[in-house]
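Colleague: Please take a close look at the ligand site for me, and set it against the other pocket.

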Amino acid sequence: MRIDVVTIFPDYLAPLSLSLVGKARTAGIVDLRVHDLRDWTTDRHRTVDDTPFGGGAGMVMRPDIWGAALDELLGEDSHLLLPTPSGASLTQRRSESIAREDEHLVIACGRYEGIDARVAAHYADRGVRVSEFSLGDYVLNGGEVAALVLIESVVRLLPGVVGNPHSLVEESHGEAGLLEYPVYTKPPVWREAEVPPVLLSGHHGKVERWRRDQALARTAERRPDLLRRLDPAELDKKDRATLSELGWTVGEHGPVLPSPEAVAD
Ligand code: SAM
C-alpha cells in the first residue's frame with residue numbers, strides 16, 4: 001500500500017517510523033511519504049490560509065494550495081481521506097475495508113478552521129473516492145493525530161504486519177461484534193489478586209466458554225449499544241443463557257434489555 005500524508009507539520013508524523021508501522025515500511029509492505037503542504041505555495045511567506053468569506057473567527061486553508069498538492073499526488077486509484085470533526089466516525093469496519101480494498105491513500109491534514117469546502121467537492125466531482133472521517137465527537141487542533149490513528153489502524157491489518165494474524169480475529173470490535181474478554185499473564189498472583197482459575201485449568205473448551213461469557217458481560221456493561229446490534233443467529237444456547245443471567249433476552253432483532261431503568265444507560 002502507498003500512503004501520502006500532506007500536512008503543514010511533517011514532524012508530527014515522525015512516530016510513523018517506529019514500532020509495527022516502521023517495520024512495515026522497512027519491509028516494503030507500506031510505502032509511506034509525508035509532504036509539507038507549504039512546498040506547493042508560491043509566495044515568499046509560504047502562505048496556506050486566508051480569512052473566511054462571510055466573516056468569523058480563524059483562518060481557512062486555501063483551495064488553490066491544496067489543489068496544487070492533490071493534483072500532483074492523486075492517481076487513478078487513490079482514496080482521498082480528509083480528517084474532520086464533521087465526518088463519519090472511523091470504525092474498525094472502515095479500517096478493514098480500506099486495508100482490503102485500497103492501494104493508495106492520500107491523507108489531507110487540515111489546520112485552523114479547516115480546508116475550504118470546495119476541495120472535497122471538487123475531487124469527488126472528478127470521480128476521486130473522497131472520505132471525510134472523524135476520530136470522535138471532540139475537536140483537535142489539526143488532522144495529524146487523525147492521520148496517525150487511521151494509518152496505524154489500517155497498516156496493522158495488512159498481511160504480514162502483525163506476527164500472529166489470529167490475534168486480529170478475537171480483538172474488540174472484531175467480527176464477533178463484542179469487546180474483548182479480560183487478559184492476564186504471569187505471575188498468577190499479583191498483590192493478592194489471582195488470575196481466574198479457569199485460565200490455569202488447561203481445559204481449552206472451558207477457557208473458550210469463559211472468555212465468550214466475559215466478552216458478553218463486558219459488552220453488556222460497557223457498550224450495550226454493541227450488544228443490541230448482535231445478530232441473534234450468531235448466538236448459541238449458552239450465549240442466550242449468559243445474556244439472560246445478565247438481564248437481557250434475545251429477541252427477533254437481537255438482544256434486548258427489558259427493564260426500563262437498565263435501558264437508560
Ligand atoms: N472548525 C472546524 C469544525 O468546527 O468542524 C474544526 C477545525 S479543527 C480546529 C482543525 C482540523 O483538525 C480539522 O480540519 C481536521 O483536520 C482536524 N480535526 C479536528 N478534530 C478532529 C476530529 N475529531 N477528527 C478528525 N479530525 C479532526
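Modeller: A pocket here is an open set of points on a 1 Å grid over the protein atoms alone, with room for a 1.4 Å probe and protein on both sides within 12 Å along at least five of seven lines; lining residues have an atom within 4 Å of a point. A volume is the space filled by probe spheres on those points, joined across faces, edges and corners. The model is predicted, so local features need pLDDT of at least 70 and side-chain atom pairs 80 or more, while totals for chains, interfaces and linings use all residues. Residues are numbered from 1 along each chain as written, and side-chain values use heavy atoms, without hydrogens or water.

The largest pocket has a volume of about 690 Å³. Its lining has 23 residues, with Q92, R93, H173, G174 and G177 closest to the centre. Ten of the lining residues are charged, seven nonpolar and six polar (Gly counted as polar, Tyr and Pro as nonpolar).

The ligand takes up the second largest pocket (more than half of its atoms lie within 2 Å of the grid points), which has a volume of about 530 Å³. P83, T84, P85, E113 and G114 are closest to its centre, out of 28 lining residues. This lining divides into 15 nonpolar, nine polar and four charged residues. Strand 5 (78–89, a DSSP E run of at least two residues) gives the largest share of that lining, five residues.

Around the ligand itself stand 19 residues (a heavy atom within 4 Å), the closest being P83, E113, L135, Y138 and L140. Strand 5 again gives the largest share, three residues. Among the polar contacts (N or O pairs within 3.5 Å), a backbone N or O atom of P83 lies 2.8 Å from a ligand oxygen, and a polar backbone atom of Y138 is 2.8 Å from a ligand nitrogen.

Definitions and conventions
Helices (H or I, at least four residues) and strands (E, at least two) are DSSP runs, numbered from the N terminus. A polar contact is a pair of N or O atoms within 3.5 Å; within protein, one must be able to donate a hydrogen and the other to accept it, and residues adjacent in sequence count only if both atoms are side-chain atoms.
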